[in-house]
Amino acid sequence: MKKLLFILLVYATLSSCNTNKKENGKLNVVTTTTMITDLVKNIGKDSININGLMGSGVDPHLYKASEGDVTKLVNADVIFYNGLHLEGKLVEVFEKMGSSTKTPIALGEEIDKSTLIGSDYFASNYDPHVWFNIEYFKQFTKKVTAVLIEKDAKNAKYYKANETEYLAKLNTLQKTITAKIETLPKDKRILVTAHDAFNYFGKNYGFEVVGLQGLSTATEAGVKDVQNLANFIIEKQLKAVFVESSVPKRTIEALQKAVNAKGHNVQIGGTLYSDALGSAGTTEGTYIGMFEYNVNTIVNALK
Ligand SMILES: [Zn+2]
């Protein structure tokens, strides 16, 4: 990390002497998570160059900047990230990058803190998995649009129109998934996953949420956690637990074994997209497609 910061500072010094040459006159936007990349694509579309640092299946809690990433960050006109300490290993890089002209924008910091779920684990003191509240994602959308307009006023109307269109899609998503969840009886709304990414989802849609690992994947689940959770699953007579695309399967498989060893059959209900979207070009590779896929998977497995 020290080496990267050094490179970053050297680059930053060099680039402040050089005006930032843009290949095609478009705004260079760098994003971190796949959720934010998808959002920015929906607002900027072909009027921006976008560089998403994290790909499908990448765990943002553990992600470290490569030297290539540092080059992208230095050449960016705008940087959007989740913040609230989600990208734990990038925080130091972003803090060093702050300047009057290019301050990385933590979208999570835009949300009214009094409405966030608290957490002792993160340095931010809040659970950073805020994209699982669609209302918060709408706030992300408005902030991204405002920043793009501020940096690239000539395309203001275009960005504003894209914002209106995307917000309407998010409203439709809210209705679709609420209707789907209403088909699942309230006493069956218990979601057991690999790590605690779904607390905002649970709060909004009436699910009790239990993650085998804590809020961050940086802490491993212990044997005692597995046994306690196995007992909980049997007590609640749960039909399914879920793996996550960005977290190794082994912890949930160990849990399934522990439950089965105690004489209760619990299924793996499917793979949920928690901290990263599916592959680019697929339905689950978009925020909206991911949300629908997760809800369908959860409801169908727990029914
Ligand atoms: Zn997470």
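Helix 2 and helix 5 are oblique to each other, and this arrangement is a useful place to begin reading the predicted model. Two packed helices are described by the angle between their axes and by the distance between those axes. Here helix 5 spans residues 134–151, and it packs against helix 2 at an angle of about 50°, the two axes lying 10 Å apart. An angle counts as oblique when it is neither under 35 degrees, nor over 145, nor from 65 to 115. The crossing of helix 2 and helix 5 is right-handed.

Which residues of helix 2 meet helix 5? Helix 2 contributes Met-35, Ile-36, Leu-39, Val-40, Ile-43 and Gly-44, and these meet Phe-137, Phe-140, Thr-141, Val-144, Thr-145 and Leu-148 of helix 5. Sorted by class, this contact has 9 nonpolar residues and 3 polar ones, with no charged residues.

Helix 2, residues 34–44, also leads to the sheet, for it lies across strand 1, strand 2 and strand 3. Relative to strand 2, helix 2 runs at about 175°.

The sheet itself is open and is formed by 4 strands in the order 2-1-3-4, with parallel pairing. Strand 2 (48–52) and strand 4 (105–106) stand at the edges; each has a single partner strand, so one side of each is left without a neighbour in the sheet. In general, strands of a sheet pair through backbone hydrogen bonds, either parallel or antiparallel. Strand 1, residues 27–31, pairs with strand 3, residues 78–81, in the parallel sense over 3 bridges. Within strand 1, Val-30 stands opposite Ile-79 of strand 3.

Note on methods:
Residues are numbered from 1 along each chain as its sequence is written. This is a predicted model: local features need pLDDT of at least 70, side-chain atom pairs count only at pLDDT 80 or more; totals for chains, interfaces and linings use all residues. Side-chain values use heavy atoms; hydrogens and water are left out. Two strands pair if DSSP finds at least two bridges between them. Helices (H or I, at least four residues) and strands (E, at least two) are DSSP runs, numbered from the N terminus. Contact means heavy atoms within 4.5 Å. Axes are lines fitted to C-alpha atoms, for helices over the stretch in contact, and angles run from 0 to 180 degrees between N-to-C directions. A crossing is left-handed if the near helix is turned anticlockwise from the far one by less than a right angle, and right-handed if clockwise. Ala, Val, Leu, Ile, Met, Phe, Trp, Tyr, Cys and Pro count as nonpolar, Asp, Glu, Lys and Arg as charged, and the others, Gly among them, as polar.
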